[in-house]
Structures are given as structure tokens and as C-alpha cells.
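Ready to practise reading a protein structure? Work through the exercises below with the model open beside you, and try each task before you look at its solution.

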Amino acid sequence: YQNRHLMIKRIVKSVLWRTGISRAVPPMIWKSVSADSKVKLVFEQTRNPRFPVNFEDAEISTSFTEQNASYAQVKDFVLEVQGPALIEPKLGIVILNNRKFLEQSRNHTYTYPDTFQYLKYKMGMAPVIDLDEVIHYDGYVGDNYYNFHADILIAFCWAINEAGLKIDKPVVVGQQIYNSRQFQWLLTNTDLFKGIKWVVLDGKSYVRVKKLYKAWTFLPELKAWQSVAALYNPPVVPEPTRKVYLYRAPQFGRTVKNIEEIKPVLDKYGFEVIDTGEMPIEEQVKLFAETKYLLAIHVAGIINIIFSNYSKLSL
């Protein structure tokens, strides 16, 4: 019965997505809000990132320079939301009041709170957890290994600290994120995560709060990356030597189709072919600390260069 029920749900979701209905209807019901009387900035910083571009191919350099221009100015911030506010159970999107939600609590523009579940809440049919103050860690964004580090963990470790906030209040996290191997590794191996009172969304219960904090940073600077890397305590390798080709299994998409043609070239130049998809976290940290030359296509595993000796790495 359960398998049949899940299959029906998947089919319905697929039909709604492919027909465009699931993208067209929610914006008619919900309104995303980035500024509101309930929302104030407790920390904001504007930066002008620099992207040195010096490819041998002039056309590529020109293309990169033009695209990088759109990121000439970025902001880091921590928001304070005065409640009552709701954190919805599945994606962790913050609902401010009737059909308005906090834009900064989602990552994809096509993502909206679950309308049917919200109706159940309004009718008193959904369980509710009441809390005074919380920090919103993540609802769903960090399900991807890259986003886990580059969007969520880095804001939590760095922007919260920059704002002068103490992590002495409950921290809300999505269930799937909480169960991910990278989160569980941090929960087991770091004092920071061990010392936090985590509130894990269960997919059914709304979290109703009087005050909420949400951090965000974009294109973080080096010291922010270093604060994340420090959690994993990577070994310091003054002279890394390994040559690595970062492989991605075909079932995950975005992979090299003619890998068998490439392998002889990799062998010739002494490159190891490695898939970090199922590699334990501590082994990934050690591997990238020891890597001097890294070949890779555009995939999440490249985020592991935060553990490398930057000055010696050629990517």
C-alpha cells in the first residue's frame, strides 16, 4: 500500500510539474517578501568581489569577465524576524502571516510553502511546536553537498558570528539535511554542532516562533571559507603531490560520457580516477589536502578544495 501510495504521489507531482500547473498556481496564492515591518537587518555587509581572469584563450577570458560583472557587488546579512512566524514542516520556508513568506528562507524561485498543509494548520488540524527564539539553519537547500557548505554552513559559521549573535538558542533544520552524512559527521565530530539544541522538522509539525534569525552570504570571502574548513580540521600538507581526476557516476547525471577514451590519458600523466560520492568525509578531507593537481567537471565535489593547500593547488 505504501509503495503504491508513493508511486501515485510521484506520478501526480510529475504531471503537475510537466504541465506547468505546479509552477503557475502557487504564485497566485503566495507572495514572497524580502522586506517587511516584521523583518529587520541586524547585520549587513556589502562587498565587491574581485575575479582575476587570465585564460590563454582571449574569447574565454572576455566571456568570464562579462559574466562576472553581474557579481560586482554582493551582500551578506543576518535578518531578525519578529513573530509570530511559522516555519513550515517540509521545506522550512518561513511564513510571516496569511499567504506571505520570507523570500530569504528559500533558494529556488519555483519553491513555495505547501498550500494544503497550511490549510490544515489554519483549521487546527496540524501539530504545532511553540518556541520563543530560534535560528533558522536550513530547510532543504543543503541537501546538495555543495549548497550545504557554500550557502548554509558558511553563513551559519561566519555571518552569525559577524553579527555578534550567540548560538545559544534552538536551531531549526530540515529532516533530510539533519540525516545527511555531512551533517551527521559534524554532529559527531565538532563541539559546535554537539552543543546546539537542534529542532528537526518532521514533515508534519509547524514551528511557531516569537523571533527568528536567518543568515545569508553570497560568494563568501576567504576567511569565511576558512571558518568552514576549520570545522573539519584538515591536515596541513606543505607539499601536496597527488594528481586527481574527480569522477562522477553516470546515474547522478552531468558526467563525462567518453571516460574510457580519457582514462589512458589520465594514466599517462599519473592521475587517480576518484569518485567522492560514497567516500567517507574524513577521507575526502585528507584526499584534497594531499592534492596538487585536480581535474574535474562542474560538480559539487569540487567544494572540497576548501581543504586543500590553496597556494599549491592547480584546478
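Keep in mind that this is a predicted model.

**Exercise 1. A buried aromatic pair**

Task: Find Y232 and F307, and decide whether they are buried or exposed. Then work out how their rings are arranged.

Solution:
- Step 1. Both Y232 and F307 are buried. For Y232 the relative accessibility is 4%, and buried means under 20%, so Y232 passes the test.
- Step 2. The ring centres of Y232 and F307 lie 5.1 Å apart, with the planes at 65 degrees. Angles over 60 degrees count as edge-to-face, so that is the name for the Y232 and F307 pair.
- Step 3. Now look at where the two residues sit. Y232 is in the loop between helix 10 and strand 10, while F307 is in the segment after strand 12, so the pair ties together parts 75 residues apart in sequence.

**Exercise 2. Another ring against Y232**

Task: Classify the pair formed by the rings of W185 and Y232.

Solution:
- Step 1. Searching the whole structure gives 19 aromatic pairs.
- Step 2. In the pair of W185 and Y232, the centres are 5.1 Å apart and the planes meet at 20 degrees; planes under 30 degrees apart count as stacked, so this pair is stacked.
- Step 3. The pair links distant parts of the chain: W185 belongs to helix 8 (residues 181–189) and Y232 to the loop between helix 10 (222–231) and strand 10, 47 residues apart.
- Step 4. W185 has a relative accessible area of 16%, so W185 is buried.

**Exercise 3. The nonpolar cores**

Task: How many residues does the largest nonpolar core have, and which helix gives the largest share?

Solution:
- Step 1. The largest nonpolar core has 70 residues. Among those with the most contacts inside it are Y137, F193 and Y232.
- Step 2. Helix 6 (residues 145–162) supplies the largest share of this core, 12 residues.
- Step 3. Zoom in on F193. Leaving aside neighbours within four places in sequence, F193 is in contact with residues including Y137, L153, F183 and W198.
- Step 4. A second, separate core has 10 residues, including F101, Y112, Y121 and A126.
- Step 5. Here is a general idea to take away: in soluble globular proteins, nonpolar side chains tend to be buried together.

**Exercise 4. A ring cluster and a charge**

Task: Which residues do ring pairs link into a cluster with Y112, and which residue lies over the face of Y112?

Solution:
- Step 1. Ring pairs join Y112 with W30, F101, Y118, Y121 and Y206 in a cluster.
- Step 2. R106 lies over the face of Y112, at 4.9 Å from the ring centre.

**Exercise 5. An enclosed strand**

Task: Explain why strand 9 (residues 206–216) is described as largely enclosed, then find its pairing partners, strand 3 and strand 6.

Solution:
- Step 1. Of the 11 residues of strand 9, 9 are buried, so the strand is largely enclosed by the rest of the structure.
- Step 2. Strand 3 (residues 74–87) runs antiparallel to strand 9, joined by 9 bridges. Here A85 stands opposite V209.
- Step 3. Strand 6 (residues 128–138) pairs with strand 9 in the parallel sense over 8 bridges. H136 has K214 as its bridge partner in strand 9.

**Exercise 6. Strand 10 and its partners**

Task: What stands opposite L246 in strand 12, and what is its bridge partner in strand 11?

Solution:
- Step 1. Strand 10 (residues 242–246) runs parallel to strand 12 (residues 291–296), with 5 bridges between them. There L246 stands opposite A296.
- Step 2. Strand 10 also runs parallel to strand 11 (residues 272–274), with 3 bridges. In strand 11, L246 is partnered by I274.

How values were computed. Residues numbered from 1 in each chain as written. Predicted model: local features only at pLDDT ≥ 70, side-chain atom pairs only at ≥ 80, totals over all residues. Heavy atoms only, no water. Pairing = 2+ DSSP bridges. Helix = DSSP H or I, 4+ residues; strand = E, 2+ residues; numbered from the N terminus. Core = buried A, V, L, I, M, F, W, Y, C linked by side-chain atoms within 4.5 Å. Buried < 20%, exposed > 50% of the residue type's maximum accessible area, 1.4 Å probe, protein only. Contact = heavy atoms within 4.5 Å. Phe/Tyr/Trp six-rings, centres within 6.5 Å; stacked < 30°, edge-to-face > 60°. Lys NZ or Arg CZ within 6 Å of the ring centre and 35° of its normal.
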